[in-house]
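User: Hi! I'm new to this one and would like a quick tour.
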Amino acid sequence: MRRDLGDGLVLRWSTARDTEDIAELNSLVFRGSEDDEPNLGLANTVRRHMRGDYPFMGPEDVVVVEDTRKEGNRIVASAFYLQEDWEFEGIVVPVARPDIVATEPGYRNRGLIRTALDVMHERSAREGRPVQAITGIPFFYRQFGYEYAVDERGRVTVALGLLPDEPSGSGEQYRLRQARDEDIPSIAACHRRQQSTYLVSRRLPDSFWKYHIDAEHEKGPAWSDARVRVIERADGDFCGFVFTPYRRSADVFLTSMIGSTAGTNLYDLAPALLRELKRLGEEEPTKGGPDRPLQRLILELGRDHPLYDALRPEWLPHREPPAAWYVRVPDLPGFLRLIAPILERRLVNSTFTGYSGELTLDFYRGGLRMCFENGKLTNVQDCRFRTYEAMGGFPPLIFLRLVFGHSSLRELRAPYPDIWVNSEAEALLEALFPKRTSRLVD
């Protein structure tokens, strides 16, 4: 694919030969100011993603805009295309993820990223990926059909100075050690067990764990951006894992995944695990700036996590709510057909068992008709309605928040007065689309 954008600008898919130019572009765009040093950490992320062994993309999966008239680095804009599988209550949903989106300042406001996203959306449709998702600039991606609809991050901060000391004499009951290839089946099973409690979760193949375990053995820190550690008892039995970044920021060390095996006593595990994370964080270099004593641990484990309930009040854990992922679903009827078994199961477990009838919703610039017969979803289609002809109405895209369990109908009606539903639609929507916690590890 090669598209002439005029003025010497050409949009195309990348090749491995573009890696260093794309790395340079992103290192300059993603820094605090023009006076700051290039962002070498992000440049290395670009190199890792494009070198051919990253599980979610390869060297030919970046949309680039090239200025053929420019001296030096001709890549003036780029956007990465990641291919993932998510699970929606057990149903696999192929997802396309635009990521690491950058434009050289002098080339902004020309629609380059809009065109790049159009190309990615077209590819996503060809590949049968019904959902696209991205994190990033507030509001910006709404103009491309995205809406905030799935939890992003969510964290608890623990002050290390308040942790109890290691028990004298007996030593730690639990410890962390470096993960090995032979740990991958246990780590993967542990992660799947953790993710199964969520409505929407991200599938991580075995190659994901191997990629990060192998990276730690490579020469130089540039290629190792994460740490996988096994939690084991003093007798060596596997009982979980943690996933942390390579570096810490100032006096803070972050953990983005913690999984435990069934039967692990988290109340007993918590103090030993936090002390082990403190030890690990103190061993890691500081990302930018001078080294400072480690003061806090951030457990970035989502809105809810079993370990949160094991944190003692005297440690003063401070909880911060999650932000949200942008989600785009260009064919809403097609997506609802994909998750029809879930919707039908929810009806069985509600007062609408065996329901026959319609649910019609006005989206003001379009609409939706869902037809049920004896509790089965028999038809879903786009529709247009006259004012108040449907059973309810939602502003464009806001309905996605309900579909993905991010908000309840009651929560949405307060900030959006243009949401309205009749009594039957209200009860049916609450049965079909309950609020549920999701967890997407980024």
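Analyst: Happy to help; we can talk about cavities and then a pair of helices. This is a predicted model, where local features need pLDDT of at least 70, side-chain atom pairs count only at pLDDT 80 or more, and totals for chains, interfaces and linings use all residues. Residues are numbered from 1 along each chain as its sequence is written, and side-chain values use heavy atoms, with hydrogens and water left out.

User: How many cavities of 30 Å³ or more are there in the whole structure?
Analyst: The search finds three. A cavity here is a set of points on a 1 Å grid over the protein atoms alone where a 1.4 Å probe fits but cannot get out.

User: What volume does the largest cavity have?
Analyst: About 70 Å³, volume being the space filled by probe spheres set on the points.

User: And which residues line it, nearest the centre?
Analyst: The largest cavity has 13 lining residues (those with an atom within 4 Å of a point). Q194, Q195, M257, I258 and R439 lie nearest its centre. At least two lining residues come from each of α4 (184–195) and β14 (257–260); helices are DSSP runs of H or I, at least four residues, and strands are runs of E, at least two.

User: Switching topic: at what angle do α4 and α5 cross?
Analyst: Roughly 125°, with the axes of α4 and α5 (residues 206–215) coming within 10 Å. Axes are lines fitted to C-alpha atoms over the stretch in contact, and angles run from 0 to 180 degrees between N-to-C directions.

User: Which residues make the contact?
Analyst: I184, I187, A188 and H191 of α4 meet D206, W209, K210 and I213 of α5, contact meaning heavy atoms within 4.5 Å.

Methods:
1 Å grid on protein atoms, 1.4 Å probe; cavity = no way out; pocket = protein on both sides within 12 Å on 5 of 7 lines; lining within 4 Å.
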